[in-house]
Amino acid sequence: MDIFYPVKLFADWLTLSLFAITPKTLLADAVNFFIYDTIKIFILLSVIIFIVSVIRSFLPPEKIRFILSHKNKYTGNIIASLLGIITPFCSCSAIPLFLGFVQAGVPLGVTFSFLVASPMINEVALVLLLGLFGWKIALIYILSGLIIAIFSGIIIGKLKVENLLESFVYQNTINGSVDLPKMSRKERIIYAKKYTLDILKKVWPYVLIGIGVGAFIHGYVPADFLAKYAGSDKWYAVPLAVLIGIPLYSNAAGIIPLVGALTEKGVAMGTTLAFMMSVTALSLPEFMILKKVMKTKLILIFAGIVGAGIMFTGILFNLILK
Amino acid sequence: MEDKITSIQVLGSGCPSCHKLFELTKQAVKELNLEIDVEYIDDIQKIISMGVMQAPVLAVNSKPVLAGSVPDIQKIKSLLKC
């Protein structure tokens, strides 16, 4: 049973009865699509972000660091990537996270696994994938993202690039952790509620615009319109998608619904996945911030490895998901 | 926790939520009639050496009491009352 069936009924009622749009027209189709998707996405966003925030309140970065500094290399990369899923990546915390990990003795490669997974697999992207593409694509996205994060970290660890960090990074070492006051159950709920509202406040215009433009494309652009430019047989589609995705980070919430509609019009699924991964994982603002702690060369190596991983994933799924 | 509060610091990387916490904390101090200046520190190394990895941080007597989020003013007041 589809738990969103009532939403569907509501969208039908709104479109046909309240707005009195002639059924089976392009306009009815686009309006219905917009109402249904918007409501569904906002329900999913509220529920999932709330749950993730509650989990997160049990695993603050300080605890994650403690876990990671006691793991050996490969297990460390895997656990770092998994923990990256529930940790939000915000520009405020990027540098403290990086320094905090490295100075507490978490290996550089493990730190990078975390740095890749944290923005790439975030709850907003997941909700949109789940709501607009279904659970299979969402799962493929998570698993590919994890694998890219794990291997990028392992490779960077093997490259011995410690000399490419700014010199002050290793001048300080810290041990031990601080005991922040424990949260009560009520405080966790308050925290999760506030966090969910904050995220919703931040992303709603992008989501609305994304779904709106998506609904327009869904209704008015002919199917397979884009196939001749971005079908799975076009070799340049994936690298191009990755390049276009790099400067778009701040709008990830609006881009996914848009891309969802483009996929219907002939953009291959692998290309879509690569594009979304590039939007979330490779971001220009993040690179600028990381420049405070590492040399440009290391940022390029980091972006190169992650970018190559994303392209490989895109090309692979273009071959598989025909 | 009966020690007297001798210093209150907000530590951040200069991001918008760090400033918001700073403003809220100043307001909380005023409303509680505490006679302490709230200090704003943007040295990230200082945050790290406190053992915290999230910004912004609210520290009382150089001990972090809150990290990574901006709560409402009531919560800040309760943290300052200790």
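## Sheet of chain B and helix pairs of chain A

In chain B, four strands with mixed pairing make up an open sheet in the order β2-β1-β3-β4. The model described here is a predicted one. The sheet is bordered by β2 (38–41) and β4 (63–67) of chain B, the edge strands, each of which pairs on one side only. Averaged over the sheet, and with direction ignored, neighbouring strands are turned by 25 degrees against each other.

Strand β3 of chain B, which covers residues 57–60, is joined to β4(B) by four bridges, and the two strands run antiparallel. Within this pairing, V60(B) has K63(B) of β4(B) opposite it, while A59(B) stands opposite P64(B), again in β4(B). Four bridges also join β3(B) to β1(B), and these two strands likewise run antiparallel; here V57(B) of β3(B) is the residue opposite L11(B). The side chains of β3(B) alternate in direction, since V57(B) and A59(B) point one way and L58(B) and V60(B) the other, yet all of them are buried. For β4(B) the picture is one of a mostly covered strand, with four of its five residues buried.

What lies between β3(B) and β4(B) in their hairpin? The two strands are separated by two residues, and N61(B), in the turn, has a positive phi of about 50 degrees. S62(B), which is found in the loop between β3 and β4 of chain B, also has a positive phi, near 65 degrees, although S62(B) is a residue other than glycine. Its relative accessible area is 38%, so S62(B) counts as partly exposed. As a point of background, most residues other than glycine have a negative phi.

Two helices of chain B are placed against these strands. Helix α1 (residues 16–31) of chain B lies across β1 (8–11), β2, β3 and β4 of chain B, and runs at about 170 degrees to β2(B). Helix α3 (residues 73–80) of chain B also packs on the sheet, where it touches β1, β3 and β4 of chain B, and its direction makes about 30 degrees with that of β3(B).

In chain A, the description turns to two pairs of helices, whose geometry is set out in the table.

| Helix pair | Residues | Axes come within | Crossing angle |
|---|---|---|---|
| α6(A) and α8(A) | 108–120 and 135–158 | 7 Å | roughly 155 degrees |
| α13(A) and α15(A) | 269–281 and 296–320 | 7 Å | roughly 160 degrees |

The axes of α6(A) and α8(A) cross at roughly 155 degrees, which makes α6(A) roughly antiparallel to α8(A), and their crossing is right-handed. On the side of α6(A) the contact is made by G109(A), F112(A), S113(A), V116(A), A117(A) and M120(A), and α8(A) contributes Y141(A), G145(A), I148(A), A149(A), I150(A), S152(A), G153(A), I156(A) and G157(A). Sorted by class, the contact of α6(A) with α8(A) holds nine nonpolar and six polar residues, with no charged ones.

For α13(A) and α15(A), whose axes cross at roughly 160 degrees, the angle is over 145 degrees, and the two helices are therefore roughly antiparallel to each other. The crossing in which α13(A) passes α15(A) is right-handed. Which residues make this contact between α13(A) and α15(A)? They are M269(A), G270(A), T271(A), L273(A), A274(A), M277(A), S278(A) and A281(A) of α13(A), together with V306(A), I310(A), T313(A), G314(A), F317(A) and N318(A) of α15(A). The residues in the contact of α13(A) with α15(A) divide into eight nonpolar and six polar, and none is charged.

A further backbone feature of chain A is found at K160(A), in the loop between α8 and α9 (185–220) of chain A. Although K160(A) is not a glycine, its phi is positive, at about 55 degrees. Is K160(A) buried or exposed? Because its relative accessibility is 57%, K160(A) counts as exposed.

How values were computed
Residues numbered from 1 in each chain as written. Chains lettered and ligands numbered in written order. Predicted model: local features only at pLDDT ≥ 70, side-chain atom pairs only at ≥ 80, totals over all residues. Heavy atoms only, no water. Axes fitted to C-alpha atoms, helices over the stretch in contact; angles between N-to-C directions. Parallel < 35°, antiparallel > 145°, perpendicular 65-115°, else oblique. Left-handed = near helix turned anticlockwise from the far one by under 90°. Contact = heavy atoms within 4.5 Å. Nonpolar A, V, L, I, M, F, W, Y, C, P; charged D, E, K, R; others polar. Pairing = 2+ DSSP bridges. Buried < 20%, exposed > 50% of the residue type's maximum accessible area, 1.4 Å probe, protein only.
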